[in-house]
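I opened my notebook to get to know a new structure, one lookup at a time. Here is what I wrote down along the way.

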Amino acid sequence: MVCPVCGNEVPDGTAVCPVCNAPLTQGAPDQGFAPQDQGFGAAPQQSGSKGPLIAIIAVVALLVVGALIFFILKGGGNKDRDGRYECNYMGMITIYIDLKGSNAKFGMAVNEEYKELAGDMSEEYDCAAKWEGDKLLLTVEGDTLECTYNSSNKTIVVPEDSALEMGQELVFEKK
C-alpha cells in the first residue's frame, strides 16, 4: 500500500502512515481523504508517489549548494585574475606581476637585446596581494601599490603617481 500524502510504501492494513502520520483509509487507491482527517487542514491529496519528484528536487538543491561552496572555497571568482601580467617599460625592461591568490611576485628583467648594454639588473620580490573589488593592493617590501584591474581586457594598471615613481602609468597585460 502507498501513502497518498508522502508516497512512501507502508504495510497493508496500516491505519496511520509511519513516515508522515497521515491517517490511511482502505478505500479506492485514487480517493483522497478529507482535510479534517489529516489533522492539519491541507487540501485533499490524490494517491500516488511523490517520492521521485522530492528526490530529484533534493539532488538539484544539493548540487546547487555544492557548486556555491566550491566557488566560495576556490576564491570567489578571483582565480581568473591569477596569472602573469607583463609591462614593457621603455622597450628595455619587462616588469611583471605574478599573481596566485593572496601571494604574488613583483619583478623586472632587462630584455635580452639590452643586457650587454645595461647588464642584468633583474630583481624579484615576494609580495602580498589583496583584492578590494577591482582594486588590487600589492604590498612590496612595506610599500603598497594601489592598482586597478580591468576585467574586459584583463589588464592591471599602476597609476603614474604610485610608489614605483616611474613617471608614467604602467599597464600590465595578462600573458
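**Entry 1: Arg84 and its partner**

I started with Arg84 in this predicted model. Is Arg84 buried, partly exposed or exposed? Its relative accessibility is 30%, so I filed Arg84 as partly exposed. Next I looked for a charged partner and found Glu86: the two side chains meet in a salt bridge, 2.8 Å from N to O. Glu86 has a relative accessibility of 26%, so Glu86 also goes down as partly exposed. I added a general reminder in the margin: side chains of opposite charge can pair when their charged atoms come close.

**Entry 2: more salt bridges**

How many salt bridges does a search of the whole structure find? I noted seven.

One of them joins Lys105 and Asp126, with the closest N and O atoms 2.3 Å apart. I looked up where the two residues sit: Lys105 is in strand β3 and Asp126 in strand β4, 21 residues apart, and the pair links distant parts of the chain. Lys105 is partly exposed at 32% relative accessibility, while Asp126 is exposed at 58%.

Then I turned to Glu132, whose side chain meets that of Lys130 in a salt bridge of 3.7 Å, N to O. Glu132 has a relative accessible area of 38%, which means partly exposed. This pair has company: Lys130, Glu132, Lys135 and Glu146 are joined into one network by salt bridges that share partners.

**Entry 3: Glu124**

I stayed with strand β4, where Glu124 lies. Which residues does Glu124 touch, leaving aside its neighbours within four places in sequence? I wrote down Tyr96, Lys105, Phe106 and Gly107. With Tyr96 there is a polar contact between the two side chains, at 2.6 Å. The C-alpha atoms of Glu124 and Tyr96 are 9.0 Å apart, although 28 residues separate the two along the chain. Glu124 is partly exposed, at 44% relative accessible area.

**Entry 4: the nonpolar cores**

Now I went looking for the inside. The general idea I kept in mind is that nonpolar side chains tend to be buried together in soluble globular proteins.

The largest nonpolar core has 22 residues, and those touching the most other members are Ile97, Leu99, Phe106, Leu136, Leu138, Ile156 and Phe172. Which strands supply at least two residues each? I listed β1 (83–89), β2 (93–100), β3 (103–110), β4 (123–132), β5 (135–140), β6 (143–150), β7 (155–158) and β8 (170–174). The largest share, four residues, comes from β2.

I picked Phe172 for a closer look. Not counting residues up to four places away in sequence, Phe172 touches a long list that includes Tyr85, Cys87, Ile95, Ile97, Phe106, Ile156 and Val158. Glu86, from my first entry, is also among the residues Phe172 touches. Apart from this core lies another one, of six residues, among them Cys3, Cys6, Cys17 and Leu24.

**Entry 5: a patch on the outside**

Which residues form a nonpolar patch on the surface? I found Ile56, Val60 and Val64, with about 270 Å² of accessible area together. Val64 is part of helix α2, which covers residues 51–73. Val64 is partly exposed, with a relative accessible area of 46%.

**Entry 6: two positive phi values**

I checked backbone angles too. Most residues other than glycine have a negative phi. Glu141 has a positive one, near 45°. Glu141 lies in the loop between β5 and β6 and is exposed, at 64% relative accessible area.

Lys154 also has a positive phi, near 50°. Lys154 lies in the loop between β6 and β7 and is partly exposed, at 37%. I had met Lys154 before, since it is one of the residues that Phe172 touches.

**Entry 7: stepping back**

To finish, I looked at the whole protein. It has three helices and eight strands, and from the N terminus on the elements run α-α-β-β-β-α-β-β-β-β-β. Of its 175 residues, 26% are buried. The protein exposes about 11100 Å², with carbon and sulfur atoms supplying 57% of that area. Among contacts between residues at least 6 apart in sequence, 27% join residues at least 24 apart.

Technical notes:
Residues numbered from 1 in each chain as written. Predicted model: local features only at pLDDT ≥ 70, side-chain atom pairs only at ≥ 80, totals over all residues. Heavy atoms only, no water. Patch = residues over 30% accessible without salt bridge, like charges linked within 9 Å, V, L, I, M, F, W, Y side chains within 5 Å. Areas by Shrake-Rupley, 256 points an atom, 1.4 Å probe, with all protein chains shown as cover. Salt bridge = Lys/Arg side-chain N within 4 Å of Asp/Glu carboxyl O. Buried < 20%, exposed > 50% of the residue type's maximum accessible area, 1.4 Å probe, protein only. Core = buried A, V, L, I, M, F, W, Y, C linked by side-chain atoms within 4.5 Å. Contact = heavy atoms within 4.5 Å. Polar contact = N/O pair within 3.5 Å; in protein donor to acceptor, adjacent residues only side chain to side chain.
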